[in-house]
Amino acid sequence: KPSGNEGAGQKKTTQQATFNGNWNVTGDDGTGYSMKMTQKGAPVSGSFSGDDGSKGTFNGKLKGNVLRFTWKQADGYSGSGKFALAADGGSFDGSYNFGKNPDQVEGSWSGRRR
């Protein structure tokens, strides 16, 4: 029985992997970002600050392991994007753009859980 419970526990953990927490993120231009995400069910919101002085917020919705979101920087730039969470919940790969379609790719970000 204990090994059966462990198996169920591991399966549950995989299903409940979330974006919730603090992340170290790198943009395709080499800029480093600190990102904090709060996930409550499917909705995810967060904030980011970059080594280049940029700061902003984002809001989105998780479907499966993919978070599609809109973002807005303090300097007025805005857009959308998507992050795909790794199965272990410890990293993600994603893209962003300056438009309204989160599936459009203009640049990329990758993140690792802190």
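Which side chains of strand β3 are buried, and which are not? V44, G46, F48 and G50 point to one face and are buried, while P43, S45, S47 and S49 point to the other and are not. Strand β3 covers residues 43–50. Buried here means under 20% relative accessible area, exposed means over 50%, and partly exposed lies in between (1.4 Å probe, protein chains only). In a regular strand, side chains alternate between the two faces of the sheet.

This is a predicted model, in which local features need pLDDT of at least 70, side-chain atom pairs count only at pLDDT 80 or more, and totals for chains, interfaces and linings use all residues. Residues are numbered from 1 along each chain as its sequence is written, and side-chain values use heavy atoms, with hydrogens and water left out. The pLDDT is the predictor's confidence in each residue, from 0 to 100. The protein averages 89, and 86% of the residues score at least 70. Residues 1–14 stay under 50. For that stretch the model has 1 contact beyond four places in sequence; contact means heavy atoms within 4.5 Å. Where pLDDT is low, the predicted coordinates should not be read in detail.

Now follow the strands around β3. Strands are DSSP runs of E with at least two residues, numbered from the N terminus. Two strands pair if DSSP finds at least two bridges between them. Strand β2 (residues 32–39) runs antiparallel to β3, joined by 7 bridges. S34 stands opposite S49 of β3. The β2–β3 hairpin has 3 residues between the strands, and G41 takes a positive phi near 75°. On the other side of the sequence, β3 pairs with β4 (residues 55–63), again antiparallel, over 7 bridges. Here S49 stands opposite K55. This hairpin has 4 residues between its strands, and G53 in the turn has a positive phi of about 95°.

Next comes the interior. A nonpolar core is a set of buried Ala, Val, Leu, Ile, Met, Phe, Trp, Tyr and Cys residues joined through side-chain atoms within 4.5 Å. The largest one holds 18 residues. F19, W23, M35, M37, L67, F83 and F92 touch the most other members. Strands β1 (21–27), β2, β3, β4, β5 (66–73), β6 (78–85) and β7 each supply at least two residues of this core. Take F19: its contacts include M37, V44, L62, L67, F83 and F92, not counting residues up to four places away in sequence.

A polar residue is worth a look too. N97 lies in strand β7 (residues 91–97). N97 is buried, with a relative accessible area of 0%. Beyond four places in sequence, N97 touches W71, S78, G79, S80, P102, Q104 and E106.

Last, the charges. Side chains of opposite charge can pair when their charged atoms come close. A salt bridge is a side-chain nitrogen of Lys or Arg within 4 Å of a carboxyl oxygen of Asp or Glu. The whole structure has 2 of them. R68 pairs with D103, the closest N and O atoms being 3.0 Å apart. R68 sits in β5 and D103 in the loop between β7 and β8 (107–113), 35 residues apart. D103 also pairs with K82, at 3.3 Å between the closest N and O atoms. K82 lies in strand β6, so this pair ties together parts that are 21 residues apart in sequence. R68, K82 and D103 are thus linked in a network of salt bridges. R68 is partly exposed at 34% relative accessibility, D103 at 38% and K82 at 26%.
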